[in-house]
Amino acid sequence: MRVSDLTFFIYNSQFGQITISSNGKQITSVSLGAKKMSGTFTPTKLTNECSTQILQFLSGDRKRFNIPILLQGTEFEKEVWRGLFKTGYGCTVTPMQLAHLIGKDNTYRNIPKAAYANKHSILIPDYRLLPASKFEKPSQESKVRMALRKIESKFL
């Protein structure tokens, strides 16, 4: 992938700004907030479509994304992300349940780290993974995950 093929653009949403990047064929990342990425700062048909689908999702008009995304990570991370795709809209899973779903019961301790390593905020539903501990300190990311779970449960 050449840097000249990369584009990114910043869109507005009810969660604030969202930066979406693309290699021209797939979405390479979705980040909450305004971020400077590699490539040219310009909207494309693909980043515009991704933004539209995210806004539809946030308003309850979309339950699944139909956009090509580039999964960049280890094989284990990709398995975890595919498992998250299998969890239904409005459903949540614990790390142990997700480990069982992907057929790797003994890896449940590694599930949260792998789930949250994704570069496609909102598109990969890592927010469906419940915290491993109820005693976790709320971070900005965990507050966003809770808000996304609330959106899904609201539109069931």
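# Notebook: spaces, core and a few residues

**Cavity.** I started with closed-off space, and the count came to one cavity of 30 Å³ or more. I note here that the model is predicted. The volume of the largest cavity is about 40 Å³. I listed its lining as Tyr11, Asn12, Ser13, Ile18, Ile20, Ser51, Ile54 and Leu55. Going by elements, β1 (7-13), β2 and α1 each give two or more residues to that lining. I also sorted the lining by class: five residues are nonpolar, three are polar and none is charged.

**Largest pocket.** Next I went to the open spaces. The largest pocket comes to about 290 Å³. It has 14 lining residues, and Leu32, Ser121, Asp126, Glu141 and Arg145 are the closest to its centre. Two elements, β3 (27-32) and α5 (140-154), give two or more residues to this lining. The most come from α5, which supplies five. By class I wrote down six nonpolar, three polar and five charged residues.

**Second largest pocket.** This one holds about 240 Å³ of space. I found 16 residues in its lining, with Lys63, Arg64, Phe65, Phe85 and Leu123 nearest the centre. Its lining splits into 10 nonpolar, two polar and four charged residues.

**Core.** Then I turned from empty space to packed side chains. A general reminder to myself: in soluble globular proteins, nonpolar side chains tend to be buried together. Here the largest nonpolar core has 32 residues, and Ile27, Ile54 and Val80 have the most contacts inside it. I checked who contributes: β2 (16-22), β3, α1 (45-58), α2 (75-86), α3 (95-101), α4 (111-115) and α5 each bring at least two residues. The largest share is five residues, from α1. Ile54 caught my eye, as I had already met Ile54 in the lining of the largest cavity.

**Val80 and α2.** Which residues does Val80 touch, leaving aside its neighbours within four places in sequence? I got Leu98, Ile102, Ile111, Ala114 and Ala115. Val80 is one of the buried residues of α2, along with Glu77, Lys78, Trp81, Gly83 and Leu84. I looked at what lies over these buried residues, and the cover includes α3 and α4. I also checked the length of α2: its 12 residues reach 17 Å from first C-alpha to last, close to the 16 Å expected at 1.5 Å a residue.

**Met146.** I looked up Met146 in helix α5. Is Met146 buried, partly exposed or exposed? Its relative accessibility is 45%, so Met146 counts as partly exposed; the band for that runs between 20% and 50%. I also took a distance: the C-alpha atoms of Met146 and Ile102 are 23 Å apart, with their positions 44 residues apart along the chain.

**Ile122.** My last stop was in the loop between α4 and α5, where Ile122 sits. What is the phi of Ile122? Phi is near 75°, a positive value in a residue other than glycine. I jotted down the general rule beside this: most residues other than glycine have a negative phi. I then checked exposure, and Ile122 has a relative accessible area of 2%, so Ile122 is buried. The cut-off I used for buried is under 20%.

Conventions: Residues are numbered from 1 along each chain as its sequence is written. This is a predicted model: local features need pLDDT of at least 70, side-chain atom pairs count only at pLDDT 80 or more; totals for chains, interfaces and linings use all residues. Side-chain values use heavy atoms; hydrogens and water are left out. On a 1 Å grid over the protein atoms alone, a cavity is a set of points where a 1.4 Å probe fits but cannot get out, and a pocket is an open set with protein on both sides within 12 Å along at least five of seven lines; lining residues have an atom within 4 Å of a point. Grid points are joined across faces, edges and corners, and a volume is the space filled by probe spheres set on the points. Helices (H or I, at least four residues) and strands (E, at least two) are DSSP runs, numbered from the N terminus. Ala, Val, Leu, Ile, Met, Phe, Trp, Tyr, Cys and Pro count as nonpolar, Asp, Glu, Lys and Arg as charged, and the others, Gly among them, as polar. A nonpolar core is a set of buried Ala, Val, Leu, Ile, Met, Phe, Trp, Tyr and Cys residues joined through side-chain atoms within 4.5 Å. Buried means under 20% relative accessible area, exposed over 50%, partly exposed in between (1.4 Å probe, protein chains only). Contact means heavy atoms within 4.5 Å. The expected span of a helix is 1.5 Å times one less than its number of residues.
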